[in-house]
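Before you look at the points below, please have the sequence and the three-dimensional view open side by side. The notes go through a few places one by one and are meant for a reader who is new to them.

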Amino acid sequence: MALAPQFAGHRLGLASAPHILEVYLDYVCPFSAKFYRKMREQVWPYVEANYPNKVQFIFRQQVQPWHASSTLVHEAALAVEKIDASKFYPFSDALFANQSQFFDEAVENKTRRQLVDEVATMAAQVGVPADKVKELLENGTGEPKNAGNAVSADLKLAIKLGRQTGIHVSPTALFNGLLENSISSGWELDQWKEFFKSKL
C-alpha cells in the first residue's frame, strides 16, 4: 500500500522494492516491542542480505487508546519524523527500549507537559532538538479551541488508514496488502526465513 510522502521515514528498504511487509505497531504494546526488536535486530538484516531490493518494510502506527500515553508517544514519533525523517527509526528504537516508562502505571501521576518533556529529551538523545519537538507537540494555552497540534493531522491520517484497513490490535501484519494472520510477535528468525522463502 502507498506511503504518504510525509511518512517516508516509516520505510526500510527501497520504495521500488516489489514486495511490501507492513506492520501496525503501538509503542506501548509489549507484543509490538517484541516484534519490532526482532525485526530490527534479526529479520531485517536477514532480508537485506538474502533478498536485496526485493522487500520494503513499512512501520504503520497503531494508536491503542486503552493505553493512556499511546497518543502522545505516537505524536512524538511523528514530530521527530517531521524534523528529520532519518531519525524516525532511531527514535522508535529508543521508545521501544524504554516503553515501560510510558506504561499506564508509570504515567498515572504525570501531566501531558511532563510526558512531552520526557519524549523531547529522548529525541535529543538521538540527535533531534528537544525544543523543536516540544514546539510541534504544543497544544496551546489560549482560548480553548480543541485544535490539536502541529502533528495532529498526520496522526489522523495514520489512524484513518488503520481503521479503513480493519486493523484492531497490534501487532498486525500485511504482506503485499493482504492480512497475514499467521505472523506472530513470537516468531523466531527461522520462521521468518520460511515465510520469506514461501513468498519470494
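1. A place to begin is Asn 146, which sits in the loop between helix H6 (130–137) and H7. Please keep in mind throughout that this is a predicted model. Asn 146 has a phi near 55°, a positive value in a residue other than glycine, and with a relative accessible area of 81% this residue is exposed. As background, most residues other than glycine have a negative phi.

2. A second asparagine deserves a look alongside that one. Asn 176 belongs to the loop between E4 and strand E5 (178–179), and its phi is positive, at about 50°, although it is not a glycine. How exposed is Asn 176? Asn 176 is partly exposed, its relative accessible area being 39%.

3. The loop between H7 and strand E4 (172–175) holds Pro 171, and the peptide bond that joins Ser 170 to Pro 171 is cis, with omega at about -5°. For comparison, most peptide bonds are trans.

4. Helix H7 (residues 152–165) contains Lys 160, and this lysine counts as exposed because its relative accessibility of 53% is over the 50% cut-off. Lys 160 and His 19 are 141 residues apart along the chain, and their C-alpha atoms are separated by 23 Å.

5. Glu 75 lies in helix H2 (residues 70–83). Is this charged side chain's residue buried or exposed? Glu 75 counts as buried, since its relative accessibility of 6% falls under the 20% cut-off. The side chain of Glu 75 makes a polar contact, at 3.0 Å, with the side chain of Arg 112. Apart from neighbours within four places in sequence, Glu 75 is in contact with Arg 112, Leu 137, Asn 149, Val 151, Ser 152 and Leu 155. Of these partners, Leu 137 is 62 residues away along the chain, yet its C-alpha atom is separated from that of Glu 75 by 7.2 Å.

6. Glu 75 also takes part in a helix packing, that of H2 against H6, whose axes come within 9 Å and cross at roughly 120°. On the H2 side the contact is made by Leu 72, Glu 75, Ala 76, Ala 79, Val 80, Lys 82 and Ile 83, and on the H6 side by Lys 132, Val 133, Leu 136 and Leu 137. By class, these residues divide into eight nonpolar, no polar and three charged. H2 and H6 are therefore oblique to each other, and their crossing is right-handed.

7. Helix H3 packs against two partners, and H5 (residues 112–125) may be taken before the other. The axes of H3 and H5 lie 9 Å apart, at an angle of about 130°, so the two helices are oblique to each other, in a right-handed crossing. Phe 91, Ala 94 and Leu 95 of H3 meet Val 119, Met 122 and Ala 123 of H5, and the contact has six nonpolar, no polar and no charged residues.

8. The other packing of H3 is with helix H1 (residues 30–50), where the axes come within 10 Å and cross at roughly 135°. H1 and H3 are therefore oblique to each other as well, but here the crossing is left-handed. From H1, the residues Ser 32, Ala 33, Tyr 36, Arg 37 and Arg 40 meet Tyr 89, Pro 90, Ser 92, Asp 93 and Phe 96 from H3. This contact divides into five nonpolar, two polar and three charged residues.

9. Finally, Gln 99 is found in the loop between helix H3 (88–97) and helix H4 (104–107). Gln 99 is buried because its relative accessible area of 8% is under the 20% cut-off. What does its side chain reach? The side chain of Gln 99 comes to 3.3 Å from the backbone oxygen of Cys 29, and a polar atom of that side chain lies 2.8 Å from the backbone oxygen of Tyr 27. Leaving aside neighbours within four places in sequence, Gln 99 is in contact with Tyr 27, Val 28, Cys 29, Pro 30 and Ala 33.

Methods
Residues are numbered from 1 along each chain as its sequence is written. This is a predicted model: local features need pLDDT of at least 70, side-chain atom pairs count only at pLDDT 80 or more; totals for chains, interfaces and linings use all residues. Side-chain values use heavy atoms; hydrogens and water are left out. Helices (H or I, at least four residues) and strands (E, at least two) are DSSP runs, numbered from the N terminus. Buried means under 20% relative accessible area, exposed over 50%, partly exposed in between (1.4 Å probe, protein chains only). A polar contact is a pair of N or O atoms within 3.5 Å; within protein, one must be able to donate a hydrogen and the other to accept it, and residues adjacent in sequence count only if both atoms are side-chain atoms. Contact means heavy atoms within 4.5 Å. Axes are lines fitted to C-alpha atoms, for helices over the stretch in contact, and angles run from 0 to 180 degrees between N-to-C directions. Angles under 35 degrees count as roughly parallel, over 145 as roughly antiparallel, 65 to 115 as roughly perpendicular and the rest as oblique. A crossing is left-handed if the near helix is turned anticlockwise from the far one by less than a right angle, and right-handed if clockwise. Ala, Val, Leu, Ile, Met, Phe, Trp, Tyr, Cys and Pro count as nonpolar, Asp, Glu, Lys and Arg as charged, and the others, Gly among them, as polar.
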